[in-house]
Amino acid sequence: MKDINSPTRPSTPRGANARAKRFFTALIVFLLILCALPNLYPNKNLIQIQASSNEVVSLSLPELKSQLEGEGFKVKQIESHQGGYLVELENRTLTAEARAYMAESHSKLSVKVVSTSTMPQWLESTGLKPIKLGLDLDGGVLFVLKVDTEQAAQNKLQSLADEANSLRIKNRYRNLSIPQVISGEQVEVIAKAQGQNELVALIATLRELYPQFTNTTHKQGSLTKVNFRFAEAKKAEFDKQLMTQALSTLRSRIEELGITEAVTQRQGTNYIRIELPGVQDPEQAKRIIGATAKLSFHALQEMGGQKLKDKSGALVSVDPVAIFGGDEIESATAGRDEYGKPLVQLFLSSQGGEKINRFSRNNVGKPMATVFSEYYADTKGEIKRKTEVISVATIQQVLNTRFSITNMQSMERAQELALLLRAGSLDAPITIVKEQTIGPSLGEKNIESGFKALALGLSLTLLFMAVWYRKLGAVAITSLLVNLVCLIGLMSLLPGVVLTLPGIAGLVLTIGMAVDTNVIIFERVRELRRKGIGMVTALKQGYQQAMSSIIDANLTTMITALILLGIGYGPVKGFAITLALGIVTSIFAGVVVSGMLSESLYSKSRKGAK
């Protein structure tokens, strides 16, 4: 006879797997809740006031507060910071206006808007951040820029013509002539009958320096004419490289401005869309982003050469072929010389250092011109190029990878030039074809309206589930709240995810999809219960049988979301991101979390009934 008091059986592998599943599910939910916590502590915008140089701000704290409140800017808090002040206003939507007022009233002070965290220290130490808000929620500026690849191609042709002329003069090719660029499409080199060897040498050099051009040769009497033009395949590759470089340069400029939530993406063939959420000074952003500044350094020529005007309007004759250009500048900083005049300190790449070293070694005591070029749109909207000599300095010694541009117009100009040089120059001119500013007050209204809709949808859904499914409704409500928190946590965690007004619509849609998952499961459970199957067994079979329908429904929606994510931009992309992530969290919360809660709830009820 067997002993009825035999010891309890050891845990089965199935029981161990269930416990492991519950542990990892709880861990995932806990981590995503932690990621969502920073959204309870939104960043606040402060006005930072500092001296523009090493001086001290002479404005006292009471004077500062009095000036701001006298203009209608009610101050919430002022604190000293690094020799200056940080000012927080009661109404954050007036921060930009207050900054503009202070900048205009105190031109010698550096006044800008900075964003600071309000999170507790322990949460900030985790490195977690709140969800990045899009342009329509945080306010800011939208730019659409056109990249003029055709103008860049003409500039490349002109560069080839200048190089050919420079080689002709340097090597004394007396039997060659090189007119200007013809119709903006080709460069023609004409050789006399006795200049065939010179022509062959010139073509070989140009083909090596400009591999993207192809050349054709034809005879005209005793003359030989060679035309250089873009090869078709090389032209497409050149345009693609220009767009890639423009995107990279613009992103670098935006980073230099300290804007981390910007969206910069290609739109169509030769347009770039830039969204700058939270930007409080659109004019500064416009100056930096829309700038097409390019810096180059040239030797002076007594005879011939390219005639350019300097700041005073006098003509300066420079060698059209640069010693080196802005693409070989690795870094640049603004500063002042020993006389207090603004300057820009340049740090060159090793290749640029070799060029300037070689040139300066052979030209100590001779002048060198710094040429500044930029594009602008005239009154007719046509793109024009403005080029001027900003500095002519005598080379006092052999230069290397570090030297300075002196005699800048102002410190602000020096700082802007240094920023542009750090971020990189643009080979193709760009123009701003669309500019839209959204105020922070409108963004706050959008947030309020969006979350009111979210709260209303959530409340009605929770009420329906509680009334219709009773006990199972409590499970659905819990899983729905877990789903919403997990989605917010996931959006906060993933880099590049930005919440927009359509994204809030995606959140509302996610609630509906999550409820739909529970409805499918609970209706299957009801059907099984009508057949007389026990609740625990019905739950188990209901979840299993509903999986195929749930996966099919969510898979088709996910395909649509991924297509929108791939081809959309702006609001469409914001909606697609929220929808795609919402599908993932809906399946997790509606199936995994809900299943565990249901199993735990009814297994405890059965034990209590016993």
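In which sense do β1 and strand β3 (residues 84-89) pair, and over how many bridges? The two strands pair in the antiparallel sense, over three bridges. The model is predicted, and this briefing covers the strand pairing around β1 and an open sheet formed by β17, β18 and β21.

**Strand β1 and its partners**

- Strand β1 spans residues 44-51, and seven of its eight residues are buried, so the strand is largely enclosed by the rest of the structure.
- Buried here denotes a relative accessible area under 20%.
- Within the pairing of β1 with β3, Ile-49 stands opposite Tyr-85 of β3.
- Strand β4 (residues 109-116) is joined to β1 by eight bridges, and these two strands run antiparallel.
- Gln-48 has Lys-112 as its bridge partner in β4.
- In a regular strand, side chains alternate between the two faces of the sheet.

**The open sheet β17-β18-β21**

- Three strands make up this open sheet, in the order β17-β18-β21 and with antiparallel pairing.
- The edges are occupied by β17 (329-336) and β21 (402-405); each has a single partner strand, so one side of each is left without a neighbour in the sheet.
- On average, neighbouring strands of this sheet are turned by 25 degrees against each other, direction ignored.

**Pairing of β18 with β21**

- Strand β18 (residues 342-348) and β21 run antiparallel and are joined by four bridges.
- Val-344 stands opposite Ile-405, which lies in β21.

Conventions. Residues numbered from 1 in each chain as written. Predicted model: local features only at pLDDT ≥ 70, side-chain atom pairs only at ≥ 80, totals over all residues. Heavy atoms only, no water. Buried < 20%, exposed > 50% of the residue type's maximum accessible area, 1.4 Å probe, protein only. Pairing = 2+ DSSP bridges. Axes fitted to C-alpha atoms, helices over the stretch in contact; angles between N-to-C directions.
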